[in-house]
Every structure is written in structure tokens, then in C-alpha cells.
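Hi everyone, thanks for making time this morning. I'd like to walk you through one model and stop at a few spots along the way. Let me put it up on the screen.

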Amino acid sequence: MILVAAKLGLTSCRTCGLLARPAPAPLLSLCPRCRTPLTLRKPASLIWTSVLLIAAYALYVPANMLPIIVTERPLDTQTDTILSGTLYLWFSGAWPLAIIVLLASIMLPLAKLLVLTFLVLSVELRLRVLPLQRVRSYRLIHAIGRWSMLDIFVAAMLAGAVQFQTLASIRPGSGAIAFAAVVILTMLAANTFDPRLIWDTSGESHE
Amino acid sequence: MRRVTSASRPQIIACPDCDLLQNCLEPPYGGATLCCRCEAVLVPRRRDSFDTTLAWAIAAAIMLALANAFPIVSLNVQAQQNATTLIETVRVLWQEDMPSLGFVVAFTIILAPALEALAAIYVLLHLRRRSARRRLPIYALRLFRGVEAWSMTEVFMLGALVALVKLEDYAELQYGLALWSLAAAMVCLAAMGASLNHHAAWARLGGRAR
């Protein structure tokens with residue numbers, strides 16, 4: 001017999017792991033040990049995750065199309081998107097770095113968006129497919145999400161270092177804000193998604 | 001003979017990833033305890049004593065202080081020189097009309113790691129004295145858990161590396177102390193996070209059940 005805590009009205013505190021019984025719905029409960037809010041499932045998990053994902057999708061295209069770095073010289077101004085920056089690295093010989101930036105800044109946010117979308121849809125449509133693999137992919141996405149911030153820090157570092165008024169000056173482009181927003185939104189989306197929903201809807205908890 | 005503490009008595013928990021109720025036993029040395037249905041880590045691999053974690057936390061705090069006080073790199077182009085510190089990087093973002101980006105970088109690179117190290121130091125110092133259950137250390141450990149996910153020193157290090165490789169072609173680079181102490185801070189923060197025994201910390205902070 002499979003015992004699911006929520007069916008018994010119990011839950012492990014998300015901060016300290018203490019098993020406790022939260023008070024029924026309208027009352028707000030706090031963990032007796034660490035006083036974090038206690039709920040059976042993350043509140044409005046699917047709604048929050050969906051909203052954050054939609055916002056991230058909306059900003060994903062501008063993030064890649066708008067320039068992330070603007071190089072200002074006395075005679076000309078040059079803009080670089082994430083993609084053109086990667087190509088520059090590749091053709092100037094630093095191809096290991098080009099691959100790293102390609103993976104972290106172009107593939108990874110897209111992968112996060114697609115995986116989270118699939119997870120939300122699979123729960124919403126009550127698909128019973130491969131719950132173990134789904135939760136594993138959730139854990140992976142959750143853990144490596146922060147590495148998408150790579151290009152933001154590259155831009156920040158370049159802007160901070162190259163500040164010569166007469167020769168050249170680098171400043172971040174509007175694409176940088178959009179890209180940072182995409183990364184943060186996907187990180188928040190992964191935080192709001194409750195993986196326990198995968199098991200709730202995959203039919204295993206029927207008795 | 002092993003002393004049975006509240007941390008080592010078998011207890012029942014609900015898996016954080018699949019909500020299955022199960023017995024959560026202490027793993028053998030070098031092993032981890034996994035959820036029997038979804039393989040989530042319930043009790044991580046061997047953690048160190050609070051003193052070890054405290055040592056790493058203090059080292060991290062010192063390294064972070066150095067990383068902020070000194071420049072990361074100095075560029076020399078045609079007799080002009082520009083030294084970059086972490087705060088400089090944030091300041092440029094503020095100046096170029098991007099305060100939101102400046103805040104994000106400031107938080108993930110300066111504030112979050114500092115809060116992580118300081119919160120850990122406070123909690124661990126409190127745990128060395130067997131004082132009664134107090135509210136502030138509990139909030140400090142919660143702060144530590146919350147801020148841990150947003151502390152991105154290692155991502156910044158890789159980003160700085162990529163940027164420096166790009167810059168090598170243009171100017172003469174002089175690497176500053178902050179680069180090395182930031183790398184050291186990255187190692188210390190990771191070691192601190194890996195050695196902290198959350199389970200035992202919560203058991204001690206929680207005090208006796210009412």
C-alpha cells in the first residue's frame with residue numbers, strides 16, 4: 001500500500017523536513033520547528049509556473065535578438081547579440097569557450113523552458129508517463145538553471161573592464177535585461193513547480 | 001558505542017519530491033539515503049562537524065571581503081589604465097541606465113554570497129554554545145537556505161574567464177587579487193554548503209518538542 005502524506009493530511013516542511021499536519025484550508029499554518037508557512041502542496045503551483053513560463057517565452061525572442069553588448073568607439077558603434085558573441089569566440093580560436101557559452105546561454109534556457117512546459121502539461125493533462133524520469137529531469141533543470149546567467153556576467157565583466165572614454169567603451173545592450181529576466185523567470189518557474197504533483201496525477205496513489 | 005541522538009533515531013518523513021511516507025534511516029558511512037520511490041536524496045552523503053563548516057564559512061567571508069576590496073583585472077590600452085572591481089561592474093550598469101540589471105548582478109554576486117557566509121557563521125556560532133532555542137538562529141538558517149540558490153559566484157567566475165579571454169586580444173591585462181580571492185571564495189562557499197549538516201542543525205535548533 002502506498003502512503004502519500006497529503007492523503008493523510010501530513011506534509012514535510014519544505015525548509016526543515018519536519019513532518020507535520022497543517023491546519024485545514026483557510027487557516028495559515030507555520031512549521032512548529034522553523035516557522036515557515038506549511039502547505040500540503042506549493043500554493044497554486046501550476047498557475048504560477050505557467051504564468052512565469054509564458055512571460056519567459058515572451059522575453060526569450062527579444063533576449064536573443066536584441067544586442068547584449070554595445071561597443072562604442074569614437075568612429076563607430078558595434079552591437080553584439082549572444083549568438084554573434086559566441087561566433088566571435090569560435091572564430092577567434094577560443095572554441096571551447098564558444099561551446100560553453102552556446103550550451104549555457106542558448107541551449108540551456110531553451111531546454112529549461114521546454115522541460116518545464118512538458119512537466120506542467122503532463123501534470124495538467126494527467127499523463128501517467130514515466131514519473132521517475134519526469135522528476136529526474138525536474139531535478140536536473142532545477143540544479144543547473146543558474147548557469148544560464150553566464151552571458152549576463154560576461155557582459156557585466158566586459159562593461160566593467162572596458163571603460164576608456166577616448167578609445168572604446170562597452171556597455172550592456174537591452175538584450176541583457178531581457179535575457180536576465182528570462183533566466184530569473186525560469187528559475188522562479190522551477191521553484192514554484194511542485195514535483196509531487198507528478199505523482200498525484202500519475203495514478204499511483206490510488207488505493 | 002554510538003550515542004543515539006535525535007538526528008540518528010529513525011524517523012518518518014514525507015519525500016520532498018513525491019510525498020511518499022517512509023522511514024528515513026541514517027545511511028552507512030559514505031552513503032546517502034534515497035527515497036524508495038523517486039530516488040530523491042533524503043539524507044545526503046556524510047556531512048562534517050559544525051566546526052568544519054564554520055571554518056569554511058569564515059574563510060569564505062574573508063575571501064569575499066578581499067574579492068570586493070581589490071580589483072579583479074586592470075586593463076592597459078595605449079597608456080590608459082582601468083581597474084575593475086566587483087562594485088565597479090555594478091556601478092557601470094547603474095550608470096548606463098540599467099539599474100535593474102545592476103541590482104541583479106549586485107545581488108547574485110555580492111549580496112547573496114555575503115549573506116550566505118554571514119548567516120552560516122551566525123548559525124554555527126550559536127550551535128557551538130548549547131543555548132536554549134532562540135528565534136534568530138532559526139531565521140538565519142532559513143535565510144541561508146533561501147539565499148543559497150541565488151548565490152552565483154561560480155557562474156560569475158566562468159563568465160569572467162570568458163570575458164578575460166575575449167579581452168586578451170585587445171589590451172594588456174593585469175590580474176588583480178580579487179580574481180584569486182573570488183576563486184577561493186567560490187571553493188570555500190561550495191565546501192561550506194557541502195559540509196553543512198542541515199538535518200543535525202535543524203534538530204539542534206528546534207529544541208525539545210513542546
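Let's start with Arg171(A), which is partly exposed because its relative accessible area is 26%. Bear in mind as we go that this is a predicted model. What does Arg171(A) pair with? Its salt-bridge partner is Glu72(A), and the closest N and O atoms of the two are 3.0 Å apart. Glu72(A) sits in strand β5, residues 69–72 of chain A, while Arg171(A) sits in strand β8, residues 168–172 of chain A, so this pair ties together parts that are 99 residues apart in sequence. Glu72(A) is partly exposed too, with a relative accessible area of 30%.

How many salt bridges turn up over all chains? Searching the whole structure gives 11. Let me show you two others.

Over in chain B, Arg128(B) forms a salt bridge with Asp51(B), with 2.9 Å between the closest N and O atoms. Here, too, distant parts of the chain are linked: Arg128(B) belongs to helix α3, residues 99–128 of chain B, and Asp51(B) to helix α1, residues 50–69 of chain B, with the two positions 77 residues apart. Arg128(B) counts as exposed, given its relative accessibility of 52%, whereas Asp51(B) is partly exposed at 42%.

Now for a pair that involves both chains. Arg41(A) makes a salt bridge with Asp19(B), and their closest N and O atoms are 2.8 Å apart. This one crosses between chains: Arg41(A) is in the loop between β4 (37–38) and α1 of chain A, and Asp19(B) is in the loop between β1 (11–14) and β2 (21–24) of chain B. Are these two residues buried or exposed? Arg41(A) and Asp19(B) are both buried. They also belong to a network of salt bridges that links them with Asp194(A), Arg196(A) and Asp200(A).

From that loop we can step into helix α1 of chain A, residues 45–65. Its 21 residues reach 31 Å from the first C-alpha to the last, close to the 30 Å expected at 1.5 Å a residue. Where does α1(A) kink? Look at Leu59(A), where there is a kink of about 30°, shortly before the proline Pro62(A).

The buried residues of α1(A) include Leu46(A), Thr49(A), Leu52(A), Leu53(A), Ala56(A), Tyr60(A) and Ala63(A). As a reminder, an α-helix has 3.6 residues a turn, so residues three or four places apart point the same way. What do the buried residues of α1(A) pack against? They pack against α2, α3, α6 (174–192) and α7 (196–200) of chain A.

Two of those helices, α2 and α3, take us to the surface. There is a nonpolar patch of about 930 Å², made by Leu83(A), Leu87(A), Trp90(A), Phe91(A), Trp95(A), Ile99(A), Leu102(A), Leu103(A) and Met107(A). Helices α2 (82–91) and α3 (95–124) of chain A each supply at least two of its residues, and α3(A) gives the most, with five. Take Phe91(A) in α2: at 69% relative accessibility, Phe91(A) counts as exposed.

Following α3(A) onward, we come to the loop between α3 and α4 (131–144) of chain A, which holds Arg126(A). Most residues other than glycine have a negative phi. Arg126(A), however, has a positive phi, near 55°, and this residue is exposed, with a relative accessible area of 55%. Leu130(A) is in that loop between α3 and α4 as well, and its phi is positive too, at about 35°, although it is not a glycine.

Close by in our tour is Ser202(A), in the segment after α7 of chain A. Ser202(A) is buried, with a relative accessible area of 6%. Which residues does Ser202(A) touch, leaving aside neighbours within four places in sequence? Its contacts are Leu127(A), Arg128(A), Pro131(A) and Arg134(A).

One last stop, back in chain B. Helix α5, residues 153–168, has 16 residues and should span 22 Å at 1.5 Å a residue; its end C-alpha atoms are 22 Å apart, which agrees. Among the buried residues of α5(B) are Val155(B), Phe156(B), Gly159(B), Ala160(B), Ala163(B), Lys166(B) and Leu167(B).

That's the tour, and I'm happy to rotate to any of these spots again. Thanks for listening!

Technical notes. Residues are numbered from 1 along each chain as its sequence is written. Chains are lettered from A and ligands numbered from 1 in the order in which they are written. This is a predicted model: local features need pLDDT of at least 70, side-chain atom pairs count only at pLDDT 80 or more; totals for chains, interfaces and linings use all residues. Side-chain values use heavy atoms; hydrogens and water are left out. Patches are made of residues with over 30% relative accessible area and no salt bridge: like charges are joined within 9 Å, nonpolar side chains (Val, Leu, Ile, Met, Phe, Trp, Tyr) within 5 Å. Accessible areas come from the Shrake-Rupley method with a 1.4 Å probe; for residues, only the protein chains shown count as cover. A salt bridge is a side-chain nitrogen of Lys or Arg within 4 Å of a carboxyl oxygen of Asp or Glu. Helices (H or I, at least four residues) and strands (E, at least two) are DSSP runs, numbered from the N terminus. Buried means under 20% relative accessible area, exposed over 50%, partly exposed in between (1.4 Å probe, protein chains only). The expected span of a helix is 1.5 Å times one less than its number of residues. The bend at a residue is the angle between axes fitted to the seven residues ending there and the seven starting there. Contact means heavy atoms within 4.5 Å.
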